[in-house]
Structure formats: C-alpha cells, structure tokens
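This briefing walks through one protein model, topic by topic, for a reader who is new to reading structures. Please keep the sequence and the 3D view open while you work through the points below.

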Amino acid sequence: MPVQQLKEFLDEADVEYMCLSHPPAYTAQELAHHVKIAGDRVVKTVIIELDGKMAMLVMPATWRIRWDRLSRILDTDFVDLADEQEFQDRFPDCEVGAMPPFGNLFDMTVYCAEALTEQPELAFAAGSHTESVHMKTPDFLTLVQPMVLSQGFTKPGAQKPAWLVKGRRRPDDATKQRVSGIAGY
C-alpha cells in the first residue's frame with residue numbers, strides 16, 4: 001500500500017492507479033527491472049537544494065542531471081543535491097530514497113524532465129522500496145502541476161563533453177594555451 005497521504009490524494013482525485021509489490025528496489029532503475037518496464041517510464045525522484053530551498057526534480061530513471069545546464073535553465077548560481085539528513089523529516093512515513101514524485105504533497109516545488117511528459121504511463125516508488133504506483137502521465141501532470149524543463153538532463157548513451165573525458169583539458173585551459181602560444185609567451 002502506498003504512503004497513506006499519497007493514497008488518499010489519488011483516491012480523492014478519482015484517478016486510476018495501480019499499486020504493485022516487488023522485491024526491494026533502491027534505485028529507480030532497479031524498480032524498472034523489477035516491474036519489467038522501460039526505464040524511461042520509471043520516475044527518478046531527486047531532492048535538490050535550489051538557492052537555499054528544497055525542491056523536487058523528477059526525471060526518467062535512466063537519465064542523469066547535467067548540473068551546469070540545470071543551473072542555467074533555473075537561472076540560479078546554486079543548485080545542488082540535498083542532504084538526506086536535511087529532508088528525511090519532510091517525508092513522514094516514507095523510506096529515504098523512496099519518496100513519491102508528488103512534491104506538492106510535501107510543500108516542495110516540482111521540476112519535471114520534459115521526457116517524462118511524453119510517456120503514456122509512469123511508475124514510481126510509493127514511499128517504500130518494495131511498493132510502486134503506476135498511473136497515466138496526464139493524471140500525474142494534472143495532479144502535480146510540475147514546472148516542465150526541456151534542459152538540464154542527459155539521456156542514456158549521450159556522449160560526455162570532450163573536456164570531461166579523462167586526460168583531456170577543459171576548453172578554457174586549451175584556449176589559454178592557444179592564446180599564450182599565439183602571443184609568443
């Protein structure tokens with residue numbers, strides 16, 4: 001059974017959803033494996049600190065955060081992964097790492113990767129590592145009303161920027177070298 005607060009919210013909204021029990025899944029990708037659905041349809045819930053306030057970031061299980069792009073699109077100088085010790089009390093009755101992507105129930109702004117909005121259905125942890133909720137994406141979007149972001153994420157298989165590849169210099173280092181070489185220093 002999902003967290004009571006979530007279950008009551010979904011029942012009151014009169015939306016269709018399904019609860020599944022499964023072996024423990026400590027990551028969204030493990031959840032995808034256990035429930036046998038594509039990782040693009042499983043929601044990864046990440047709690048971030050954004051200019052000193054907690055917010056929720058939701059994205060496909062297989063995707064990663066691009067912190068530089070996320071910071072740029074959110075127009076902030078400070079966005080970071082929140083410390084579990086600081087937010088665990090905000091999610092009563094939830095196991096740490098199994099928070100459902102309903103930040104609105106926990107007084108948090110929710111930012112959602114656009115890629116999730118293109119899926120017909122979503123699955124996510126229901127407050128426990130052994131239970132998940134599956135529901136239609138339009139219902140999720142209507143109930144949560146997240147701010148949809150088209151940038152700030154990297155999908156699986158995306159190439160890393162050249163300057164991140166081991167042994168390569170950052171672009172600004174290469175530019176400095178070229179400039180100093182041109183100037184004859």
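**Aromatic pairs and their surroundings**

In this predicted model, the count of aromatic pairs comes to six. The rings of Phe91 and Phe106 make up one tilted pair, because their centres lie 4.6 Å apart and their planes meet at 50 degrees, whereas the range for tilted pairs runs between the stacked limit of under 30 degrees and the edge-to-face limit of over 60. This pair links distant parts of the chain, with Phe91 and Phe106 lying 15 residues apart in the loop between helix 4 (84-87) and strand 6 (109-113).

- Phe91 and Phe106 are both buried.
- Phe102 and Phe124 form another aromatic pair, which is tilted as well, with 5.6 Å from centre to centre and 55 degrees between the planes.
- This second pair also links distant parts of the chain, since Phe102 sits in the loop between helix 4 and strand 6, while Phe124 belongs to strand 7 (residues 121-128), 22 residues apart.
- Phe102 and Phe124 are both buried, and ring pairs join Phe102 and Phe124 with Phe9 and Phe140 into a cluster.

**The chain as a whole**

- The protein chain contains seven helices and ten strands, and of its 185 residues, 42% are buried.
- When contacts between residues at least 6 apart in sequence are considered, 65% of them join residues that are at least 24 apart.

**Pro100 and its neighbours**

- Pro100 lies in the loop between helix 4 and strand 6, and it counts as buried because its relative accessible area is 0%, where the limit for buried is under 20%.
- Although Pro100 and Val3 are 97 residues apart in sequence, their C-alpha atoms are 8.6 Å apart in space.
- If neighbours within four places in sequence are left aside, the residues in contact with Pro100 include two members of the aromatic pairs described above, Phe106 and Phe124.
- The other contacts of Pro100 on that basis are Leu6, Thr45, Met56, Cys94, Ala125 and Gly127.

**The largest pocket**

- The largest pocket holds about 410 Å³ of space, and 25 residues line it, with Tyr26, Lys44, Thr45, Gly97 and Met99 lying nearest its centre.
- Helix 2 (28-35), strand 2 (43-50), helix 4 and strand 7 are the elements that each give two or more residues to the lining of the largest pocket.
- Among the elements, strand 2 gives the most to this lining, with five residues.
- Sorted by class, the lining of the largest pocket consists of 15 nonpolar, seven polar and three charged residues.

**Salt bridges**

Side chains of opposite charge can pair when their charged atoms come close. How many salt bridges does a search of the whole structure find? The search finds three salt bridges, and each of them is described below.

- Lys7 forms a salt bridge with Asp11, and the closest N and O atoms of these two residues are 2.9 Å apart.
- Both Lys7 and Asp11 lie in helix 1 (residues 4-13), where a spacing of four residues corresponds to about one turn of the helix.
- Lys7 counts as partly exposed because its relative accessibility is 22%, and Asp11 likewise counts as partly exposed, with a relative accessibility of 40%.
- Glu16 forms a salt bridge with Lys136, in which the closest N and O atoms are 3.6 Å apart.
- This pair links distant parts of the chain, with Glu16 in the loop between helix 1 and strand 1 (17-21) and Lys136 in strand 8 (residues 131-136), 120 residues apart.
- Glu16 is exposed, because its relative accessible area is 59%, whereas Lys136, at 37% relative accessibility, counts as partly exposed.
- Arg66 forms a salt bridge with Asp68, with the closest N and O atoms 2.9 Å apart.
- Are the partners in this bridge buried or partly exposed? Arg66 is buried, with a relative accessible area of 14%, while Asp68 is partly exposed, with a relative accessible area of 35%.

Methods. Residues are numbered from 1 along each chain as its sequence is written. This is a predicted model: local features need pLDDT of at least 70, side-chain atom pairs count only at pLDDT 80 or more; totals for chains, interfaces and linings use all residues. Side-chain values use heavy atoms; hydrogens and water are left out. Rings of Phe, Tyr and Trp (its six-membered ring) pair if their centres lie within 6.5 Å; planes under 30 degrees apart count as stacked, over 60 as edge-to-face and the rest as tilted. Buried means under 20% relative accessible area, exposed over 50%, partly exposed in between (1.4 Å probe, protein chains only). On a 1 Å grid over the protein atoms alone, a cavity is a set of points where a 1.4 Å probe fits but cannot get out, and a pocket is an open set with protein on both sides within 12 Å along at least five of seven lines; lining residues have an atom within 4 Å of a point. Grid points are joined across faces, edges and corners, and a volume is the space filled by probe spheres set on the points. Ala, Val, Leu, Ile, Met, Phe, Trp, Tyr, Cys and Pro count as nonpolar, Asp, Glu, Lys and Arg as charged, and the others, Gly among them, as polar. A salt bridge is a side-chain nitrogen of Lys or Arg within 4 Å of a carboxyl oxygen of Asp or Glu. Contact means heavy atoms within 4.5 Å.
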